[in-house]
Amino acid sequence: MLKGKTALVTGSTSGIGLGIAKALARQGANIVLNGFGDVDGPRAEVLAAGQAAGAQVAYHGADMSRVADIEDMVQYSVRNFGQIDILVNNAGIQHVARVEDFPPERWDAIIAINLSSAFHTSRLVLPMMQAADGGKGWGRIINVASVHGLVGSAQKSAYVAAKHGIVGLTKVTALENATSGITCNAICPGWVLTPLVQKQVDAKAEQHGISNEEAKKLLLGEKEPSMQFTTPEELGELAVFFCSPAAANVRGVAWNMDGGWAAQ
């Protein structure tokens, strides 16, 4: 379905971003990966996922808190594949503390990576998306927000503020491009067992002196009525839907896949 398209997926060397990159590659999209840590493993996974569809994979290690790095990553993507058709803003970090105890430098880092980076990537790719299809425009911007873009949780002030900001940015981007072939939507997952969430599970297990499995049940029981984690694979399939012709008039939504969390 996406043969000949190129997707830039930030924060895609693990977790949700990697799941979305693999799902888009299966549809034939060329993928530009971004993130820290092991690169060879995720690159091999995405190549394997897209092999049958002929997808190619590139990587750029941009620090998403640095505007110059983001600009270089976009230029690199265009040099490699000629165009960015799909942008998935997924990069994110977390820190947990009460507002009065929240280190200002952690606040600044979370806002920069979780929110400002999505603004910078969007402003850079929108002109090429607007010029696509003979000037009619074609593009898909998918912002990975969170259920915390819809509701709050204690001790996550920066993360909740950033994710609420992502939902707002999504709506404005969608409205500004509403008469074109460019859509912008947000995905709002509940608990997904990413490395970021596993740290919270580990902390809860240590805090209460319980096993990791018991800590997972405790974490889910606090918020997620389904008592099951959403998977990166499920989120990847939702991203594929957003890129499909069936979603051409889905614009500016914050689509929660949260096991009923926000329905309470």
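Which strand pairs with β6 in the parallel sense over 4 bridges? Keep that in mind while you load the model, which is predicted.

**Stop 1: β1**

Select β1, residues 6-9. Colour T6 and L8 one way, A7 and V9 another. T6 and L8 lie on one side of the strand and A7 and V9 on the other. Both faces are covered, and these four residues are buried. In a regular strand the side chains alternate between the two faces of the sheet.

**Stop 2: the partners of β1**

Add β2, residues 30-34. β1 and β2 run parallel, with 4 bridges between them. Pick A7, then look across to I31, its bridge partner in β2. Now trace the chain from β1 through α1 to β2: this β-α-β crossover is right-handed.

Next, show β4, residues 86-89. β4 is parallel to β1 and joined to it by 3 bridges. Here the pair to pick is L8 and L87, which stand opposite each other.

**Stop 3: the largest nonpolar core**

Switch on side chains. The largest nonpolar core holds 32 residues. L24, I31, V46, I86 and V88 have the most contacts inside it. β1, α1, β2, β4, β5 and α8 each give this core at least two residues. The largest share comes from α1, with 7 residues.

Centre on L24. Beyond its neighbours within four places in sequence, L24 touches L2, A7, V9, A29, I31, I86, V88, V240 and C243. A second core lies apart from the largest one. This other core has 22 residues, including L8, I70, M73 and I84.

**Stop 4: β6**

Jump to β6, residues 182-189. How many of its 8 residues are buried? The count is 8 of the 8, so the strand is largely enclosed by the rest of the structure. Colour by direction again. I182, C184, A186 and C188 point one way, while T183, N185, I187 and P189 point the other way.

**Stop 5: either pairing of β6**

Show β5, residues 139-144. β5 pairs with β6 in the parallel sense, over 6 bridges. Zoom to R140, which stands opposite T183. Then add α5, residues 157-176. With β5 and β6, this helix makes a right-handed β-α-β unit.

Finally, select residues 254-257. This is β7, the answer to the opening question: β7 pairs with β6 in the parallel sense over 4 bridges. Finish on P189 of β6, with M257 of β7 standing opposite.

Technical notes:
Residues numbered from 1 in each chain as written. Predicted model: local features only at pLDDT ≥ 70, side-chain atom pairs only at ≥ 80, totals over all residues. Heavy atoms only, no water. Core = buried A, V, L, I, M, F, W, Y, C linked by side-chain atoms within 4.5 Å. Buried < 20%, exposed > 50% of the residue type's maximum accessible area, 1.4 Å probe, protein only. Contact = heavy atoms within 4.5 Å. Pairing = 2+ DSSP bridges. Right-handed = clockwise from strand over helix to strand, strands pointing away.
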